[in-house]
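Q: Could you zoom in on one part of this protein and tell me how its pieces sit against each other? Please keep it informal, and spell out the cut-offs as you go.

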Amino acid sequence: MQKRAVVTVVGKDQIGIIAKVTNVLANNRMNILDISQTILQDFFTMMMLVDMANISDLDHLLQDFKKVEQELGLTINIQREDVFQAMHRV
């Protein structure tokens, strides 16, 4: 069974957001299954569905995301797909 998660990224648009966030995923052996991003005026938003089957250290991933958040002034969240769906079910 595939373990999937939803990653969301929000912040002021600037050079390097996609590169830095996707590098964190690659360094943690996480494959991007689907991705959507948009820029609304000066605000960048991105949502990704990622495969978590190969991740060995979730704490390391969260620390890597925290560094990118602080460096670029972003908010990055990750939730397991089943939790995300349960929270957004009507």
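**A close look at strand E3 and its surroundings**

A: Let's start with one pair: isoleucine 35 has methionine 48 as its bridge partner in E3. Keep in mind that this is a predicted model, in which local features need pLDDT of at least 70 and side-chain atom pairs count only at pLDDT 80 or more, while totals for chains, interfaces and linings use all residues. Residues are numbered from 1 along each chain as its sequence is written, and side-chain values use heavy atoms, with hydrogens and water left out.

The labels come from DSSP: helices are runs of H or I of at least four residues, strands are runs of E of at least two, and both are numbered from the N terminus. Strands pair if DSSP finds at least two bridges between them. On that basis E3 (residues 43–51) runs antiparallel to E1 (residues 4–12), joined by 9 bridges, with threonine 8 opposite methionine 47. E3 also pairs with E2 (residues 31–40), again antiparallel and over 9 bridges. Along that pairing, isoleucine 39 faces phenylalanine 44. In a regular strand, side chains alternate between the two faces of the sheet.

E2 and E3 make a hairpin with 2 residues between them. Glutamine 41, in that loop, has a phi near 55 degrees, which is positive although the residue is not glycine. Most residues other than glycine have a negative phi. Glutamine 41 is also exposed, at 75% relative accessibility; exposed is over 50% relative accessible area, buried is under 20%, and partly exposed is in between, using a 1.4 Å probe and protein chains only.

Now for helix H1 (residues 17–27), where Ile17, Val21, Val24 and Leu25 are buried. These four are on the same side of H1 because they cover an arc of only 100 degrees around the axis, the arc being that of the directions from the helix axis to the C-beta atoms. An α-helix has 3.6 residues a turn, so residues three or four places apart point the same way. What covers the buried residues of H1? E3 is part of the cover, along with E1, E2, helix H2 (58–72) and strand E4 (74–80).

H1 is followed by arginine 29, which lies in the loop leading to E2. Arginine 29 has a positive phi too, near 60 degrees, and is not glycine either. With a relative accessible area of 56%, arginine 29 counts as exposed.

From H2 comes aspartate 64. Leaving out residues up to four places away in sequence, aspartate 64 touches Val24 and Asn28, where contact means heavy atoms within 4.5 Å. Aspartate 64 is buried but has no salt bridge, and the nearest side chain of opposite charge, lysine 67, is 4.2 Å away. A salt bridge needs a side-chain nitrogen of Lys or Arg within 4 Å of a carboxyl oxygen of Asp or Glu; Lys and Arg count as positive, Asp and Glu as negative, and His and the chain ends are not counted.

Stepping back, the protein has 3 helices and 4 strands, in the order β-α-β-β-α-β-α along the sequence. Of its 90 residues, 33% are buried. Among contacts between residues at least 6 apart in sequence, 70% join residues at least 24 apart.
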